[in-house]
Amino acid sequence: MEEKQPVLELQHVSVGYDSPAGMVQAVNDVSLTIYENTIVGLIGESGSGKSTLGNAIMHLMKNNAVLTSGTIKVMGKDVYSLTKNELRKFRWSQMAMVFQSAMNALNPVLTVEDQILDVFLSHDKSMSKKEAKKRARELMDVVSIDPRYLKSYPHELSGGMRQRVVIAIAIALDPKLVIMDEPTTALDVVVQRSILDKIKEIQKVKKFAILFISHDFSLVSELASKVAIMYAGRFIEVTDSHSLMNAKEHHPYTEGLIRAIPHLTAEEVTIEGIPGNPPNLVELPTGCAYHPRCRYANELCKKKRPEMRHVDTRDIECHLYETVQK
Amino acid sequence: MSQSSTLVKVEDLVIKFPVRGNKESKFITPVDKVNLEIKKGEVLALVGESGSGKTTIGRALVRLLKPTEGQVTVQGKKINDIKGRDLKNYRQVAQMIFQDPFGSLNPVRSIEGHLKFPLRKHQGYKGKALDQKVTELLLQVGLTPVAEIRKKHPHELSGGQRQRLAIARALAVNPKFIVADEPTSMLDVSIRAGILQLMNDLKRDLGLSYLYITHDLASARYFGDRIMVLYGGKVMEIAESKELIKRPLNPYTRLLLAATPGSDTQIDLTDANNEAPDLSEGRKGCPFVNRCPLATAVCRETMPELKQAVDQHFVACHHYEEVDTVH
């Protein structure tokens with residue numbers, strides 16, 4: 001098998017927010033590699049740092065957020081070593097993003113066509129307007145929207161169509177990496193499903209890598225081949241999605257999440273919530289950040305942060321698996 | 001089914017909203033001739049996409065909206081036109097839990113203030129008994145440590161805790177019937193199960209009836225005794241939860257089920273037609289007709305009646321018997 005090329009390499013990445021209460025570590029020492037033509041899911045609750053990480057990869061961090069340590073490489077290039085101008089060109093041609101509030105990511109006073117043309121013309125000065133228009137029509141085809149909607153304004157489109165337009169804009173320049181931050185969260189289930197099917201279909205053809213950020217467990221495990229689960233800024237488990245649903249040994253948090261979701265087709269449905277509340281990043285618990293909510297927690301968990309261990313096909317950060325070979 | 005066990009009865013409920021047209025005023029009908037019954041201690045899950053009319057029905061049942069036509073009877077009393085003291089008394093029978101716990105609480109009122117107000121106004125609690133009752137309610141919904149929590153304000157609580165407070169506030173008036181409008185959709189996954197469990201415990205301990213409004217079939221299956229599927233303001237199908245998931249008869253229910261993550265059936269929806277249903281007044285036929293694989297001429301002309309297909313499994317579709325021929 002030929003060597004796959006890494007598209008995204010995260011090495012010990014930490015991102016902090018400079019706040020009056022001191023530096024708040026939203027992303028804490030995470031490492032991950034995504035290869036071409038793969039979909040990787042990133043699951044976490046609100047405040048787990050998943051969107052912060054997505055923005056950090058795009059070098060789009062807002063006001064007080066800083067990359068405190070580690071390197072982020074996209075297609076072998078350190079995103080944080082690029083100059084402003086290089087970065088502007090690098091974004092969208094190599095890496096693109098579909099934002100969480102995609103419903104509002106479009107400019108309300110420009111037509112769909114103008115917004116797509118903008119991507120082509122600002123990145124390729126030599127492209128003629130005619131050529132760009134042709135490409136825009138092709139893009140609409142790719143995301144299955146009738147090209148007549150090119151002349152529409154965003155408010156004239158339904159939520160699902162707007163989301164398709166946002167995806168079209170993201171893939172306009174054939175980027176190698178597309179970060180999707182909860183792209184279907186505000187949509188109805190049927191629309192959500194059709195968007196996901198569309199994403200899968202386009203990905204198969206264009207073979208870019210996707211980092212799919214979501215809080216929806218079952219959705220991510222269906223879409224992605226590999227899943228990283230984030231809690232309090234750390235990857236507490238990285239697993240292939242098959243083992244996520246089928247294997248027994250998981251991080252207790254993952255286990256809790258699996259138990260918390262009612263299954264649609266099971267004969268008897270029982271669910272169980274995870275006690276307690278999501279952690280406060282300003283005052284993180286000592287040791288393992290999950291220990292106050294963990295049913296297996298012991299003294300060690302309160303004192304010492306566990307190391308990442310390789311368990312079967314997965315990487316798990318938990319003292320439970322201490323005995324397992326590293 | 002004996003008449004006495006029925007708590008909520010809705011007959012031919014129609015709700016119309018005016019929309020401003022170019023010249024003449026028009027109406028849309030987001031809820032069109034809906035019939036339903038909820039028994040004592042029963043949970044009816046109302047499932048549908050946005051715009052299907054599920055929230056509108058919920059609001060009509062707690063009389064935040066006045067029905068345009070039809071009859072809503074709760075505990076044998078007609079509530080369509082009640083006002084003044086009667087309406088105030090009705091608030092002690094039916095309560096609502098809203099979707100957004102960040103918007104449904106008063107930011108400048110303390111936690112205990114949220115509970116003291118209804119206890120004083122509706123139940124006449126005073127002094128020590130009032131404090132006692134607040135403690136009791138907070139314990140009941142699992143908001144502990146009570147002494148600390150009661151002095152806090154909503155911004156100091158997490159989303160799950162806020163929703164627990166909203167539930168405690170609804171319980172303060174000792175209601176018989178609760179409309180829960182997507183109570184978990186704005187919460188984190190790890191928190192949702194706890195809220196659903198709490199509502200389930202309250203149903204068991206207090207014999208509460210619920211109208212559980214949701215777009216998530218999996219949670220409807222978990223919490224609902226029966227599921228009613230709504231589309232374009234009309235009832236498409238209603239059956240016992242397990243039966244409905246196992247044997248969906250309406251093509252729309254099938255679509256919804258296939259689209260839900262974790263389902264066994266897969267339909268290719270890549271190019272699905274996601275056109276919203278027509279809600280205009282005086283529309284004809286089945287609202288799902290433009291998206292339905294089984295649609296024929298008769299579907300465009302007349303809305304199918306809700307018929308009992310199998311025991312206690314009702315479906316509104318002209319072609320439900322052929323539903324196994326597609327997908």
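Domain bounds here come from an automatic or database domain assignment. Keep in mind that this is a predicted model, where local features need pLDDT of at least 70, side-chain atom pairs count only at pLDDT 80 or more, and totals for chains, interfaces and linings use all residues. Residues are numbered from 1 along each chain as its sequence is written, while chains are lettered from A and ligands numbered from 1 in the order in which they are written.

**Stop 1: the domains of chain A**

Select residues 6-94 plus 175-269 of chain A and you have domain 1; residues 108-172 give you domain 2. Taken over C-alpha atoms, their centres sit 26 Å apart. Where they touch, domain 1 of chain A puts in 15 residues and domain 2 of chain A puts in twelve (two residues are in contact if their C-beta atoms, placed from the backbone, lie within 7 Å).

Now highlight helix H2 (84-93) and helix H6 (189-206) of chain A: each supplies at least two residues of the side of domain 1 that touches domain 2. Helices (H or I, at least four residues) and strands (E, at least two) are DSSP runs, numbered from the N terminus. H6(A) gives the largest share of that side, seven residues.

**Stop 2: where the chains meet**

Show both chains. The contact between them takes 36 residues from chain B and 36 residues from chain A. On the chain B side, try colouring helix H6 (159-171), helix H7 (189-206), helix H8 (217-223) and helix H10 (251-259), each of which supplies at least two residues. Which helix gives the most to this side of chain B? That's H7(B), with eight residues.

For the whole complex, the predictor gives an ipTM of 0.83 and a pTM of 0.89.

**Stop 3: chain B by itself**

Hide chain A and switch to cartoon view: chain B has eleven helices and twelve strands. Its radius of gyration (taken over C-alpha atoms) is 21 Å, close to the 20 Å from the globule rule for 327 residues, so chain B is as compact as a globular protein of that length. That rule is 2.2 Å times the number of residues to the power 0.38. Along its principal axes, the C-alpha trace of chain B spans about 70 × 45 × 45 Å.

Finish by colouring by pLDDT, the predictor's confidence in each residue, from 0 to 100. Chain B has a mean of 91, and 96% of its residues reach 70 or more. Zoom in on strand E3 (residues 43-47) of chain B, where confidence is highest, at 97. Then find H10(B), where confidence is lowest, at a mean of 91.
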